[in-house]
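Reader: Please take me through one part of this model closely, namely the contact between the two chains, and then set beside that contact the salt bridges within each chain.

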Amino acid sequence: MTKLPGKQMVVEALKREGVDVVFGFPGGAIIDVYDAMEKDGSIKHVLVRHEQGATHAADGYARATGKVGVCIATSGPGATNTVTGIATAYMDSIPMVVFTGQVPTSLIGNDAFQEVDIVGITRPCTKHNYLVKDVHKLPTILKEAFYIASSGRPGPVLIDLPKDIQNQVAEFDYPDKIKLRSYNPVVEPHTRQIERAFRLIEKSKQPIIYAGGGVIIANAHKELRKLAESIYAPVTMTLMGLGGFPGTHEQSLGMLGMHGTYCANMAMANTDLIIAVGARFDDRVTGKIEAFAPNASIIHIDIDPTSIQKNVKVDVPIVGDCRRALKKLVRVIEEDGRPQEVWKEKFQPWWDQIRAWEARHPLTYKKEPGVIKPQYVIEKLYELTKGKAIITTEVGQNQMWTAQFYKFDEPRTLLTSGGLGTMGYGFPAAIGAQMAFPNKLVVDVAGDGSIQMCIQEMATAMEQKLPVKIIILNNQFLGMVRQWQELFYDRRYAATEFSVTPDFVKLAEAYGAKGFRATKPEEVEDTLKKGLETDCLTIMEFAIAREEGVFPMVPAGKATTEMLLV
Amino acid sequence: MKHTLSVLVENEPGALSRITGLFSGRGFNIESLCVAPTLDHTMSHLTLVTSGDEYIIEQIIKQLNRLVDVYKVVDVSEGEFVEREMALIKVRAEDETRAEVLRMCDIFRCKVVDVSPKTYTIEVTGPESKLKAVMELLKPIGIKEITRTGTIAIQREKKTV
Ligand SMILES: Cc1ncc(C[n+]2csc(CCOP(=O)(O)OP(=O)(O)O)c2C)c(N)n1
């Protein structure tokens with residue numbers, strides 16, 4: 001067995017966990033780990049310009065690959081700068097391990113220079129966290145952190161490393177496998193529950209599959225498709241679920257919820273059976289809870305028991321891994337033996353109703369001569385990329401237009417902050433995704449507000465020679481908040497109008513990147529073509545209709561059938 | 001409805017704070033909380049009294065189980081159980097009330113554990129209802145100070161084989 005100092009244990013653990021890239025920013029309390037990484041030389045480090053950027057980049061890397069994202073920061077301000085990114089990953093169940101430096105153990109609690117209780121601060125927004133006080137425990141802690149982050153319902157885990165621990169030496173006995181007596185997520189769903197679920201499906205006349213981010217996390221997209229096709233049921237997805245079922249599939253009703261399609265929301269309101277898979281009945285989906293799906297029985301598949309029966313009463317709870325549960329359910333359906341046509345015929349009246357809703361209010365927008373409509377930009381982006389790009393978004397209208405008008409056919413192609421709604425997420429996440437897939441087209445769809453929250457990472461992308469594309473839908477407003485003010489606050493635009501915005505084309509050039517701008521609809525396609533073809537970091541700015549809104553919209557607290565339409 | 005939860009948790013720094021943080025962060029009630037070591041020094045035992053309807057209690061139990069450090073959660077109030085709490089009550093005991101206080105101690109089987117010229121400190125043990133009754137009766141005499149342990153509880157074993 002080998003003796004190693006704590007700092008080297010960290011590097012060894014990263015290697016054994018197959019980590020090929022980490023995102024970080026150094027400082028005095030973590031300098032030793034950096035030194036060990038430098039000496040070792042086998043782990044790629046991406047130096048960001050702000051620790052928030054490191055966390056979102058690690059998160060984007062994790063979402064794009066399914067692997068654990070890793071980031072590093074120093075103590076004090078470095079550590080507190082990671083909090084938004086950690087909370088973002090926590091809300092969307094993203095596997096991540098965050099290392100922070102800490103003052104030496106002898107100084108902890110003394111208000112030492114750059115001391116902050118980051119373990120206390122992040123307790124409610126990590127899946128688990130550790131303050132390492134004994135170097136002998138470090139190998140186990142490292143193993144546990146990766147295991148906890150990536151198993152069950154994934155999430156971020158933080159390890160706080162005091163400076164003296166980084167330099168103390170102990171046996172490095174890295175466990176291959178780990179078993180924790182107090183942490184055993186249930187992955188295998190109960191067969192009896194699956195059978196009960198099938199009986200509900202049999203009885204149903206108007207079922208709908210409601211798929212969330214859990215489908216993507218569990219890599220259950222193939223099984224989901226099998227289920228949907230074998231019983232010919234309509235599928236609607238949450239924002240996090242987009243790509244979990246092909247958006248261009250004839251059975252897809254698109255996204256549901258606050259900015260979901262008319263058809264998806266009407267179908268949810270009128271269904272007699274919701275088959276929820278890896279989704280959590282969040283308020284943006286249910287609207288006014290008392291009016292939510294009044295006639296529906298509910299089957300709920302989720303790996304996290306706390307998600308079940310949290311917001312709505314469930315008839316058949318199925319705790320377990322989505323993929324395994326769907327596999328089992330599909331097997332029961334196959335054993336039953338009814339071919340697809342039989343189900344199709346059974347649900348025909350339901351489908352007729354759904355197609356009528358679709359025809360009544362399809363997703364649409366009003367074209368106006370001379371002004372660029374943001375939806376048009378997204379439609380063109382979809383056409384030009386043939387739906388094959390990895391798209392990240394910021395938060396606000398840009399995010400919703402992307403969700404509505406880009407059709408995601410594959411999982412892990414939309415990376416967006418759903419749960420926390422973090423402005424500034426998209427661009428660093430695109431950097432993380434591009435690090436993972438250097439040859440794929442990675443595009444961040446941004447608003448002029450959000451992009452300025454992590455714009456400093458332009459330097460990071462240039463330094464790493466990452467050809468990330470940024471599309472800025474510039475309305476010179478904090479558009480989504482402005483939309484609420486327009487609709488519900490008598491158009492009093494308190495603090496939502498920007499009177500100063502940088503010249504984004506010049507800004508791109510200042511960083512050595514490329515910049516293009518379109519101000520007329522005729523220029524949109526050309527600008528996109530030019531921008532998407534570059535081999536370097538590129539900003540494409542579109543001066544869009546300033547007061548364009550996102551519709552349909554369910555006002556907060558209203559029933560999902562009370563949609564405001566175009 | 002009141003529920004008494006018995007929680008076994010890893011004896012790790014921060015474990016208790018994860019549990020109390022969970023309650024405050026999610027808006028659940030803690031009416032009392034009692035923590036002590038167990039025979040196995042790597043575990044701590046917690047008795048937690050909380051309240052809520054069946055859905056809230058279900059959520060509380062699931063959320064507790066979700067914490068990586070929590071080994072086991074049992075709602076002891078689901079079945080037959082014994083609960084006890086202890087209070088130390090410093091009560092005014094001057095000439096005209098000294099005998100009265102002692103009489104009450106006798107009736108409720110309390111113990112006098114400290115005596116001063118003007119006070120008695122008495123120890124009372126029992127279910128919360130008994131503590132409440134004693135406190136009600138002592139109040140008019142004059143309670144100077146009181147400390148309580150919070151409830152601890154244990155499930156009853158089956159009486160039949
Ligand atoms: C960090 C953060 N601060 C504030 C908000 C609240 N918020 C939600 S959407 C929005 C407006 C976003 O504006 P912009 O990025 O320009 O996008 P648009 O809605 O105009 O497309 C704001 C301020 C948020 N989601 N995140």
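Author: What follows treats the interface first, then the salt bridges inside the chains, and last a sheet of chain A.

This is a predicted model, in which local features need pLDDT of at least 70 and side-chain atom pairs count only at pLDDT 80 or more, while totals for chains, interfaces and linings use all residues. Residues are numbered from 1 along each chain as its sequence is written, chains are lettered from A and ligands numbered from 1 in the order in which they are written, and side-chain values use heavy atoms, with hydrogens and water left out.

At the interface, 19 residues of chain B are in contact with 17 residues of chain A, contact meaning heavy atoms within 4.5 Å. The two chains bury about 1600 Å² between them, and carbon and sulfur atoms give 46% of that area; buried area is the accessible area (1.4 Å probe) that two parts lose on being put together, summed over both. On the side of chain B, Arg18(B), Arg66(B) and Val68(B) lose the most area to chain A, together 40% of what that side buries.

Between chain B and chain A the count is 3 salt bridges, a salt bridge being a side-chain nitrogen of Lys or Arg within 4 Å of a carboxyl oxygen of Asp or Glu. Arg181(A) and Asp40(B) meet through their side chains in a salt bridge, at 3.6 Å from N to O. Helix H1 (15-25), helix H2 (54-66) and strand E4 (70-75) of chain B each supply at least two residues of the side that touches chain A, and the largest share of that side, 6 residues, comes from H2(B). Here helices (H or I, at least four residues) and strands (E, at least two) are DSSP runs, numbered from the N terminus. By class, this side of chain B has 6 nonpolar, 5 polar and 8 charged residues, where Ala, Val, Leu, Ile, Met, Phe, Trp, Tyr, Cys and Pro count as nonpolar, Asp, Glu, Lys and Arg as charged, and the others, Gly among them, as polar.

Over all chains, the structure holds 44 salt bridges. One of them joins Lys67(A) to Asp20(A), with the closest N and O atoms 3.5 Å apart. Lys67(A) lies in the loop between helix H3 (51-65) and strand E4 (69-73) of chain A, and Asp20(A) in the loop between helix H1 (6-16) and strand E2 (21-24), so the pair ties together parts that are 47 residues apart in sequence. Lys67(A) is partly exposed at 34% relative accessible area, the classes being buried under 20%, exposed over 50% and partly exposed in between (1.4 Å probe, protein chains only).

In chain B, the side chains of Arg148(B) and Glu85(B) meet in a salt bridge of 2.8 Å, N to O. Arg148(B) lies in strand E8 (residues 143-148) and Glu85(B) in strand E5 (residues 81-92) of chain B, so this pair ties together parts that are 63 residues apart in sequence. Arg148(B) is partly exposed at 38%, whereas Glu85(B), at 4%, is buried. Both residues belong to a network of salt bridges that also links Lys2(B), Glu31(B), Glu128(B) and Lys132(B).

Finally, 6 strands of chain A form an open sheet with parallel pairing, in the order E16-E15-E17-E18-E20-E19; two strands pair if DSSP finds at least two bridges between them. Strand E16 (414-415) and strand E19 (514-518) of chain A stand at the edges, each with a single partner strand, so one side of each is left without a neighbour in the sheet.
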